[in-house]
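Q: Please take a close look at a single part of this model, going from its overall build down to the detail of its strands.

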Amino acid sequence: MADIAEIKHRIKSIQDTHQITKAMELISVAKMRKAIQKQIFSSVYFDSVRYTLKDIMRHSTDIQNQYIRHRPDNRTAYIVIAGDKGLAGAFNSNVLNLAWRHMQARPVHYVITIGQMARAFFEAKHQPVDLEFTHAVASPTLHDARGIMRDIIELYDRNLMDEIYIVFTRMHSTSAHEPEMVKLLPIEEKDIAVDVKTTFSGEICYDPSPHEVLDVLVPQYLVGMIYSALINSSASEHASRMMAMSNANKNAEAMLNALNLEYNRGRQSAITTELLDLSSCRFFSENNPSQTGNTE
Amino acid sequence: MSTFFLEIITPEKTFFRGEVESVNIPCLRGACTIMAGHQPMVFATEPGSLLLTIDGETREAFMSEGFIEVRPDETIVFSQAVEWPEEINERRAAEAKERAEEQLRRNRSAAEYRLNRLALQRAFARLQVKQHNHLSE
């Protein structure tokens with residue numbers, strides 16, 4: 001029979017952990033909702049940017065824009081977005097492993113990380129991290145996205161890299177999210193996914209010219225891509241943490257049940273033993289009155 | 001006067017939705033006014049002031065860089081930021097203006113020059129919109 005005090009101690013410690021995981025689950029639910037809300041607001045805007053960009057690329061043949069022109073693809077930069085914290089199931093390792101696998105096929109690659117876990121992962125693999133953005137993961141803002149866009153454009157302008165991929169986790173639903181890799185630069189028409197259906201499908205004029213409209217659109221397109229990647233990643237992180245925590249809660253409850261049963265059993269058997277002792281004592285003293293009398 | 005449906009969208013919110021008589025926008029080649037029945041078009045804009053005319057009354061708002069899509073059924077303004085005069089933080093804009101001027105004085109690359117010029121333009125436009133509406137109040 002296990003020591004009752006010991007079981008009691010274990011129950012207490014599991015209860016404490018259970019409380020923490022329960023709180024974490026609730027927080028993740030709230031944060032995930034907030035992230036999804038943000039995405040809904042911004043998607044109207046950035047979907048239209050994407051659509052217009054695609055429309056210009058489809059209809060105008062002679063576009064000269066350095067972000068669209070294809071360079072020989074030897075040097076690839078990866079922007080890898082992971083979380084700042086663990087405790088989110090396989091969220092971090094899924095996205096990091098996808099990036100790592102793809103990188104091995106490229107002779108020259110640069111790594112740009114967003115999030116503490118991403119940096120720690122590449123450091124453990126002895127892959128130098130070329131650029132790091134912090135504070136952009138917990139609650140991504142447009143301001144963060146603009147800052148990242150500016151820095152990346154600057155590197156691209158200095159001709160340090162030929163193409164840029166962004167690796168993040170896309171959220172399909174609360175329970176389904178998978179890592180994804182999207183090419184950011186150079187922009188190609190086939191890479192632009194849009195589901196906006198416009199009511200108007202005729203030819204549209206561009207003022208002052210398609211070329212100049214494109215110059216305005218490209219930075220906004222990039223901001224939109226980066227922002228939506230950040231938001232998707234943060235929503236998926238919270239969703240996976242929510243699932244991991246709800247599993248932890250279930251496990252804790254199962255353990256508490258088993259331990260409570262054991263504790264009650266132990267307590268019951270202790271009471272039984274005590275009763276047995278008492279009654280056998282009584283039985284003994286009743287049957288031998290002389291003996292008890294003698295001792296008194 | 002005939003009206004048309006106008007929507008103003010920023011990444012954070014829908015700024016405006018409704019029927020307007022005309023809208024004046026800061027295009028790259030100077031201000032432009034769009035009225036009902038305009039040809040389908042896309043305009044690129046620079047930071048400046050946006051004038052909305054609704055029921056004969058004109059309101060001014062600040063508009064950051066963006067673009068405007070004119071469709072037969074509706075006109076949509078997309079911009080990084082659109083603000084009514086009362087939403088503009090004058091002190092922040094003045095600070096941004098000083099910062100941009102300082103940066104412009106010692107700009108290092110062409111890309112930086114472009115960024116700083118845009119920042120200065122934004123600050124100027126914000127201050128201008130704010131001041132116009134101080135006078136009318």
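**Chain B and its two domains**

A: In this predicted model, the centres of domain 1 of chain B and domain 2 of chain B, taken over C-alpha atoms, are separated by 21 Å. The first of these domains covers residues 4-85 of chain B, and the second covers residues 88-136.

Where the two domains meet, eleven residues of domain 1 of chain B are in contact with eleven residues of domain 2 of chain B. On the domain 1 side of this contact, the elements that give two or more residues are β6 (48-54) and β7 (57-63) of chain B, and of these β7(B) gives the most, with three residues. By character, the residues on that side of domain 1 of chain B, where domain 2 of chain B is touched, divide into four nonpolar, three polar and four charged.

The secondary structure behind this arrangement comes, for chain B, to two helices and ten strands. Read from the N terminus on, the elements of chain B run β-β-β-β-β-β-β-β-β-β-α-α, so that the ten strands are followed by the helices in the order of the chain.

As for overall dimensions, the C-alpha trace of chain B spans about 50 × 35 × 25 Å along its principal axes. Chain B has a radius of gyration of 16 Å, which agrees with the value near 14 Å that a compact globule of 137 residues would have. Of the 137 residues of chain B, 34% count as buried, and among contacts in chain B between residues at least 6 apart in sequence, 47% join residues at least 24 apart.

Within domain 1 of chain B, which takes in residues 4-85, one strand pair can be followed in detail. Strand β3 of chain B, residues 22-27, runs antiparallel to strand β4 of chain B, residues 30-35, and six bridges join the two. Together β3(B) and β4(B) form a hairpin, with two residues between them. At the level of single residues, B:P26 stands opposite B:A31 in β4(B). In a regular strand, side chains alternate between the two faces of the sheet.

For comparison, chain A of the model is also divided into two parts, with domain 1 made up of 4-20 + 247-285 and domain 2 of 27-241. The C-alpha centres of domain 1 of chain A and domain 2 of chain A lie 54 Å apart, while the corresponding separation in chain B is 21 Å.

Technical notes: Residues are numbered from 1 along each chain as its sequence is written. Chains are lettered from A and ligands numbered from 1 in the order in which they are written. This is a predicted model: local features need pLDDT of at least 70, side-chain atom pairs count only at pLDDT 80 or more; totals for chains, interfaces and linings use all residues. Domain bounds come from an automatic or database domain assignment. Two residues are in contact if their C-beta atoms, placed from the backbone, lie within 7 Å. Helices (H or I, at least four residues) and strands (E, at least two) are DSSP runs, numbered from the N terminus. Ala, Val, Leu, Ile, Met, Phe, Trp, Tyr, Cys and Pro count as nonpolar, Asp, Glu, Lys and Arg as charged, and the others, Gly among them, as polar. The radius of gyration is taken over C-alpha atoms; the globule rule is 2.2 Å times the number of residues to the power 0.38. A residue is buried if 20 or more other C-beta atoms lie within 10 Å of its own, exposed if 12 or fewer, and partly exposed in between; C-beta atoms are placed from the backbone. Two strands pair if DSSP finds at least two bridges between them.
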